[in-house]
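User: Please take one part of this model and look at it closely. Pick a spot where distant stretches of the chain come together, and describe what surrounds it.

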Amino acid sequence: MEANIQKIESKFVKPTLTPNVTVYDFGNVLKGSTNDGLFILTNTSNKDVIITNARASCGCTQPTLEKMLLHPNETTEVKIRYTAPPKEGGIAKQVTIFYNWELVHNNKALAEDNKKLTAQILKLDIKGTII
């Protein structure tokens with residue numbers, strides 16, 4: 001009986017992206033410099049993961065995805081390019097990865113414009129110091 005319960009639960013495992021690190025530390029960077037970083041994401045579920053967007057918290061940070069479809073146990077790179085402003089200070093930025101968008105209806109009787117888009121979200125932090 002217990003094996004059947006585990007089998008049923010495994011059908012409902014949500015696809016999951018697991019990063020190699022959740023915080024990328026640039027350390028010290030020069031004012032006005034361009035700096036490259038890297039996150040590696042792994043699909044640790046038993047279902048395909050489709051990455052639909054990677055969005056930075058500001059225009060000084062540009063994420064680039066290597067690939068958007070990950071089969072179970074596959075990895076992809078998220079390259080980060082950070083352009084430091086011409087002043088000293090701390091770096092505290094974020095990249096948000098959106099994956100597995102689904103169109104969800106609360107009620108079939110609702111009007112077309114009441115549909116909601118939902119996604120799984122992974123937040124990755126970037127830090128460092130501008131010198």
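Analyst: **Where distant strands meet**

In this predicted model, T129 has a relative accessible area of 35% and is therefore partly exposed, since that class runs between the cut-offs of 20% and 50%. T129 belongs to strand β9. Its C-alpha atom is separated by 7.6 Å from that of F26, although the two residues are 103 apart along the chain. Setting aside neighbours within four places in sequence, T129 is in contact with G27, N28 and V29, and also with G89, G90 and I91.

The wider chain gives the setting for this spot. The chain has 1 helix and 9 strands, and along the sequence the helix comes before the strands, in the pattern α-β-β-β-β-β-β-β-β-β. Of the contacts between residues at least 6 apart in sequence, 67% join residues at least 24 apart. Buried residues account for 27% of the 131 residues. The accessible surface is about 8,400 Å², and carbon and sulfur atoms hold 52% of that area.

From T129, the next step is to N35, as V29 is listed among the contacts of T129 and also among those of N35. N35 lies in strand β3. Its relative accessibility is 13%, under the 20% limit, so N35 counts as buried. Beyond its neighbours within four places in sequence, N35 is in contact with F26, V29, I80, R81, Y82 and A84. The side chain of N35 also makes a polar contact of 3.1 Å with the side chain of S33.

R81, one of the contacts of N35, also forms a salt bridge with D36, in which the side chains meet at 2.7 Å from N to O. This pair links distant parts of the chain: R81 is in strand β7 and D36 in strand β3, 45 residues apart. A search of the whole structure finds 1 salt bridge. With a relative accessible area of 42%, R81 is partly exposed, because this value falls between 20% and 50%. D36 falls in that class as well, because its relative accessible area is 47%.

F26 and Y82, also among the contacts of N35, belong to an aromatic group. Ring pairs join Y24, F26, F39 and Y82 into a cluster, and the structure holds 3 aromatic pairs. One of these pairs is formed by Y24 and F39; it is edge-to-face, at 6.1 Å centre to centre and with 65° between the planes. Y24 lies in strand β2 and F39 in strand β3, so this pair ties together parts that are 15 residues apart in sequence. The two rings differ in cover: at 23% relative accessible area Y24 is partly exposed, whereas F39 is buried at 0%.

The nonpolar interior comes next. The largest nonpolar core has 21 residues, and those that touch the most other members are L17, L41, I51, I97, Y99, L122 and I126. Strands β2 (23-29), β3 (34-43), β4 (49-56), β7 (75-83), β8 (89-104) and β9 (116-130) each give two or more residues to this core. That list includes β9, which holds T129, and β3, which holds N35.

Two loop sites complete the picture. S45 is found in the loop between β3 and β4. At 7% relative accessibility S45 counts as buried, because the value is under 20%. Its side chain is joined to that of N43 by a polar contact of 2.8 Å. A polar atom of the S45 side chain also lies 3.0 Å from the backbone oxygen of K47.

The other site is N73, in the loop between β6 (69-70) and β7. Its phi angle is near 70°, a positive value in a residue other than glycine. With a relative accessible area of 62%, over the 50% limit, N73 is exposed, so the two loop residues fall on opposite sides: S45 buried and N73 exposed.

Methods. Residues numbered from 1 in each chain as written. Predicted model: local features only at pLDDT ≥ 70, side-chain atom pairs only at ≥ 80, totals over all residues. Heavy atoms only, no water. Core = buried A, V, L, I, M, F, W, Y, C linked by side-chain atoms within 4.5 Å. Buried < 20%, exposed > 50% of the residue type's maximum accessible area, 1.4 Å probe, protein only. Helix = DSSP H or I, 4+ residues; strand = E, 2+ residues; numbered from the N terminus. Polar contact = N/O pair within 3.5 Å; in protein donor to acceptor, adjacent residues only side chain to side chain. Contact = heavy atoms within 4.5 Å. Areas by Shrake-Rupley, 256 points an atom, 1.4 Å probe, with all protein chains shown as cover. Salt bridge = Lys/Arg side-chain N within 4 Å of Asp/Glu carboxyl O. Phe/Tyr/Trp six-rings, centres within 6.5 Å; stacked < 30°, edge-to-face > 60°.
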